[in-house]
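Reader: I am in my first year and still learning to read structures like this one. Could you take me through a close look at how the inside is packed?

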Amino acid sequence: ASQVTIHPDFLSLLDKAAKENHVGAVIITCGLGYLWETILEVHDLQGSVRVIGGGKLADKFVVTAAVKATLVECLKSFHGARVWAFGDGPLDLPMLQKADEAVVVVRQKAIRSKTMEKALLEAIDLQGLRARQLLLPGDVEPRLDVAKLPLVELDETTVLNSILRRDIRRSVLKVIHESDSNSARMLMTPTRDARLRGPGLREAHRHVGRYLAIR
């Protein structure tokens, strides 16, 4: 852990995210969770970034590619979050597929995954993955042609604003529309009668409300 250095672009992003109450940063790893906890502690990020990872018997769970994808789905559907996902290997592809914004991190050829190229191409061509690639450092050779996998930079103002903005489009509110049924229409008929007013009108509204609440 002491030998790991987090890239300056990610350090800057995590620092900005920590200052926003509506933004959360999570590291989901198939490796040792304790390793990442130690790395974050070295970089003074242990309080602002959560780690989900197993590795110890006491954890009683193992993170797989499917688990990564499920966690993203949970963040979106249950918590109403807009998710940016970053990954660099085949185990990250299901997670990237589920995210609102997917970014493939591309590093030097000597240390990048050897099996990612084919898996990434299949995910784009056969599974409809829409992603961008982030070159770290910026002068490394791209994974795929930039026409198929466009470039993105973390220090772009538009990208940072998109990650850090408060997204009000997504809502966890579920609306059930039941007023088009014949029973509801029959109960609503008295409320449209101009001759009905006062206690009688209020009672008609109560009947409608009671029926819709039960439905």
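Author:
**Packing in the interior**

Leaving aside neighbours within four places in sequence, leucine 40 is in contact with Ile6, Ile27, Leu45, Gln46, Val49 and Val51, and, like everything that follows, this is read from a predicted model. Leu40 also belongs to the largest nonpolar core, which has 24 residues, and together with Phe10, Val49, Leu134 and Ile163 it touches the most other members. At least two residues of this core come from each of several elements, namely H1, strand E1 (25-28), helix H2 (33-42), strand E2 (49-52), strand E4 (101-106) and helix H6 (157-164). A second, separate core has 20 residues, among them Val72, Met95, Ala123 and Leu135. As a general background, nonpolar side chains in soluble globular proteins tend to be buried together.

Phe10 leads on to the aromatic rings, where the structure holds two pairs. In one of them, phenylalanine 10 meets phenylalanine 86 edge-to-face, with 5.3 Å from centre to centre and 80 degrees between the planes. Because phenylalanine 10 lies in helix H1 (residues 8-18) and phenylalanine 86 in strand E3 (residues 84-87), this pair ties together parts that are 76 residues apart in sequence. Tryptophan 84 and phenylalanine 86 form a stacked pair, 6.4 Å centre to centre with 25 degrees between the planes, and in this way ring pairs link Phe10, Trp84 and Phe86 into a cluster.

As for accessibility, phenylalanine 10 is buried, with a relative accessible area of 18%, and tryptophan 84 also counts as buried, at 14%, whereas phenylalanine 86, at 24%, is partly exposed, because buried means under 20%.

Terms used:
Residues are numbered from 1 along each chain as its sequence is written. This is a predicted model: local features need pLDDT of at least 70, side-chain atom pairs count only at pLDDT 80 or more; totals for chains, interfaces and linings use all residues. Side-chain values use heavy atoms; hydrogens and water are left out. Rings of Phe, Tyr and Trp (its six-membered ring) pair if their centres lie within 6.5 Å; planes under 30 degrees apart count as stacked, over 60 as edge-to-face and the rest as tilted. Helices (H or I, at least four residues) and strands (E, at least two) are DSSP runs, numbered from the N terminus. Buried means under 20% relative accessible area, exposed over 50%, partly exposed in between (1.4 Å probe, protein chains only). A nonpolar core is a set of buried Ala, Val, Leu, Ile, Met, Phe, Trp, Tyr and Cys residues joined through side-chain atoms within 4.5 Å. Contact means heavy atoms within 4.5 Å.
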